[in-house]
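Got your viewer open? Load the model, switch to cartoon view, and we'll walk through it stop by stop.

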Amino acid sequence: MSWLYLLAAAVFEMAWTFSLRFMSVKKLKALHWRGFFSQSGNWLIVWPFLGYVVFGLGNVYCISIAMKTIPASTALAVWMGTALIGVKLVEILFLKMPYDGWQFLFIAFILVGIVGLKRMP
C-alpha cells in the first residue's frame, strides 16, 4: 500500500510543478478581492494558486505515509524520479516542448534506477 501512496505523491508532485508553472504571484497580488466575483478572469488567476496549495498538501501527506514503511532514501529517489519522468512526458506530449533521443535514454536510466531501488530489501 505504501508504494501506491508513493505513486500518488509523485502524481501530486507533478501537478504541483505545473501549478507553479501557471501561477503568477504578480497577478495574485494585483487582484482586487472586493470585486472578485464580479470579474470573470479572476478565477484564471486563482486556480493555479489553489492547485499549488492542494497538490502540495496532498504530496506531503502521501509521501509522509509512504515513508513510514519505505526507507527514506528509496522513497525520495523513487518519488522524485517518477515525478521527473512524468513532468517530462507531460511537457513532450501535451505542452509540445522540444526533445531529442538522448532525453529518452536518460529517462530509461532513471527508470532502471527506480526499478532497482524498488527491488532492494
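Start with everything shown as a surface: 31% of the 121 residues of the protein count as buried, where buried means under 20% relative accessible area, exposed over 50% and partly exposed in between, with a 1.4 Å probe and protein chains only. The protein exposes about 8400 Å², and carbon and sulfur atoms supply 73% of that; these areas come from the Shrake-Rupley method with a 1.4 Å probe, and for residues only the protein chains shown count as cover.

Two notes before you click further. This is a predicted model, so local features need pLDDT of at least 70 and side-chain atom pairs count only at pLDDT 80 or more, while totals for chains, interfaces and linings use all residues. Residues are numbered from 1 along each chain as its sequence is written, and side-chain values use heavy atoms, with hydrogens and water left out.

**Stop 1: the overall fold.** Go back to cartoon and color by secondary structure. You'll find 5 helices and 0 strands, running α-α-α-α-α from the N terminus. Helices (H or I, at least four residues) and strands (E, at least two) are DSSP runs, numbered from the N terminus. Turn the C-alpha trace around: along its principal axes it spans about 55 × 40 × 20 Å. The radius of gyration is 18 Å, whereas a compact globule of 121 residues would have one near 14 Å; the radius is taken over C-alpha atoms, and the globule rule is 2.2 Å times the number of residues to the power 0.38. Among contacts (heavy atoms within 4.5 Å) with a separation of 6 or more, 72% join residues 24 or more positions apart.

**Stop 2: the cores.** Select Leu6, Ala9, Ile63, Ile70 and Trp79: of the 17 residues in the largest nonpolar core, these touch the most other members. A nonpolar core here is a set of buried Ala, Val, Leu, Ile, Met, Phe, Trp, Tyr and Cys residues joined through side-chain atoms within 4.5 Å. Helix 1 (2–22), helix 3 (42–66), helix 4 (72–93) and helix 5 (101–119) each give two or more residues to this core, and helix 4 gives the most, with 6 residues. Now center on Ala9, which touches Asn59, Cys62, Ile63 and Trp79, leaving aside residues up to four places away in sequence. Apart from the largest core lies another, of 6 residues, among them Met23, Leu28, Ile45 and Val46.

**Stop 3: the rings.** Show the aromatic side chains as sticks. Rings of Phe, Tyr and Trp (its six-membered ring) pair if their centres lie within 6.5 Å; planes under 30 degrees apart count as stacked, over 60 as edge-to-face and the rest as tilted. That gives 7 aromatic pairs. Pick Phe12 and Phe55: they form a tilted pair, 6.3 Å centre to centre with 40° between the planes. Phe12 sits in helix 1 and Phe55 in helix 3, so the pair ties together parts that are 43 residues apart in sequence. Phe12 is partly exposed at 26% relative accessible area, and Phe55 is partly exposed at 29%.

Next, select Trp43 and Trp47. Their ring centres are 5.4 Å apart and their planes at 35°, so this pair is tilted. Both are in helix 3, 4 residues apart, or about one helical turn. Trp43 is partly exposed at 34%, whereas Trp47 is exposed at 52%. Add Trp16, Phe49 and Tyr52, which ring pairs link into a cluster.

**Last stop: a loop.** Which residue has a positive phi although it is not a glycine? Select Lys96, where phi is about 55°. Lys96 is in the loop between helix 4 and helix 5 and is exposed, with a relative accessible area of 65%.
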